[in-house]
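Me: I am new to this structure and should like to learn how to read its features. Could we begin with the interior?

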Amino acid sequence: MKIFTYTFLLILLIINLSYRIEELREIKEKAKEILYLPKGEILKYLALDHRNTLSDFYWLQFIQYYGHHLQTDRKFPYMFSIVDIITDLDEKFLHAYTFGSVNLASDVGDREKSEALLMKAMYKNPERWEYPFWMGFLNYVFFKDYKKAATFFRISTLKDNPPDICFRFYAFTYYKKLKDLETALKLWIYMYEKAKSDVEKRIAEDYIKRTIMKIHMRDLTKILKEFIKRENYKPKNLKELLEKGYLNSIPHHPFGGIYFIKGDSIASLIPKK
């Protein structure tokens, strides 16, 4: 009798949700009705052994809801609520977490809920690399919080069997955005040593050389500015820095090119292949 009652209530909830979402499609700008969505925790108990099935049903409803608003008003007031229910029912529904969080960031512009969904994913699935990676990706692309992005890219590299892309984004964030070239160099060297293919090895090697080149240019520029400050003139070339004792040697260019003075900084010329 209890099973029959639970099943009957579940069917009523499904019918109610279908009706409400269908009704939502007809709401115009003047209408501000609140969509009723049952709590995922309640549905988990009502669904019994059919949680994944119910989750899939909600997912199909969500896709219709998203598609409709994407083509009309581009407003998604219930996006988080629906995806939250889906992931309550199926805590391992990877695409619901990732698709939902990306669209909450890009279409809704709601950083708080986008990150909340991924934090939920990481709590429910602590072994998966995908969720910290996507947290890093969203902070890198949408929120421009590069320090936070680097932190979560690093977390993704510590999970079970992380792919090369986790290490690559981790290193690239330090190299391109945080300008922490020494950390970036260590990460690229690590990637090179752990590379599983020639392609990965070539990519890592290229960035190792580029990072070394940037370090050389940064350090030489610093020395050049010190020279100008003390000597009150700009040298014609790097040899003058050697002759005056500001340099012990001109660093070897990792691409076989040359460093030269351009304005009050050091530039690099890479030979064409």
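Reply: Certainly; please note that this is a predicted model. A nonpolar core is a set of buried nonpolar residues joined through their side-chain atoms. Here the largest such core has 30 residues, and Phe62 and Ile86 have the most contacts inside it.

Me: Which helices each supply at least two residues of this core?

Reply: They are α3 (51-71), α4 (79-89), α5 (94-108), α6 (111-124) and α7. The most comes from α4, which gives seven residues. As for Ile86, beyond its neighbours within four places in sequence, its contacts are Ser55, Tyr58, Trp59, Phe62, Phe93 and Ala96. There is also a second, separate core of 22 residues, with Ala149, Phe167, Tyr174 and Ala184 among them.

Me: How is a single helix to be read, and what span should α9 have?

Reply: The expected span is 1.5 Å times one less than the number of residues. Helix α9 (residues 164-177) has 14 residues and should therefore span 20 Å, in agreement with the 19 Å between its end C-alpha atoms. Its buried residues are Asp164, Cys166, Phe167, Tyr170, Ala171, Thr173, Tyr174 and Tyr175. The elements that cover them include α7 (130-141), α8 (146-157), α10 (181-194) and α11 (198-231). After α9 comes Lys179, with a positive phi near 60°.

Me: Which residues form a nonpolar patch on the surface?

Reply: Ile258, Phe260 and Leu269 form this patch, and together they have about 260 Å² of accessible area. Ile258 lies in strand β1 (residues 258-262). Ile258 counts as partly exposed because its relative accessibility is 47%, and that class runs between the 20% and 50% cut-offs.

Methods: Residues are numbered from 1 along each chain as its sequence is written. This is a predicted model: local features need pLDDT of at least 70, side-chain atom pairs count only at pLDDT 80 or more; totals for chains, interfaces and linings use all residues. Side-chain values use heavy atoms; hydrogens and water are left out. Patches are made of residues with over 30% relative accessible area and no salt bridge: like charges are joined within 9 Å, nonpolar side chains (Val, Leu, Ile, Met, Phe, Trp, Tyr) within 5 Å. Accessible areas come from the Shrake-Rupley method with a 1.4 Å probe; for residues, only the protein chains shown count as cover. A salt bridge is a side-chain nitrogen of Lys or Arg within 4 Å of a carboxyl oxygen of Asp or Glu. Helices (H or I, at least four residues) and strands (E, at least two) are DSSP runs, numbered from the N terminus. Buried means under 20% relative accessible area, exposed over 50%, partly exposed in between (1.4 Å probe, protein chains only). Contact means heavy atoms within 4.5 Å. A nonpolar core is a set of buried Ala, Val, Leu, Ile, Met, Phe, Trp, Tyr and Cys residues joined through side-chain atoms within 4.5 Å.
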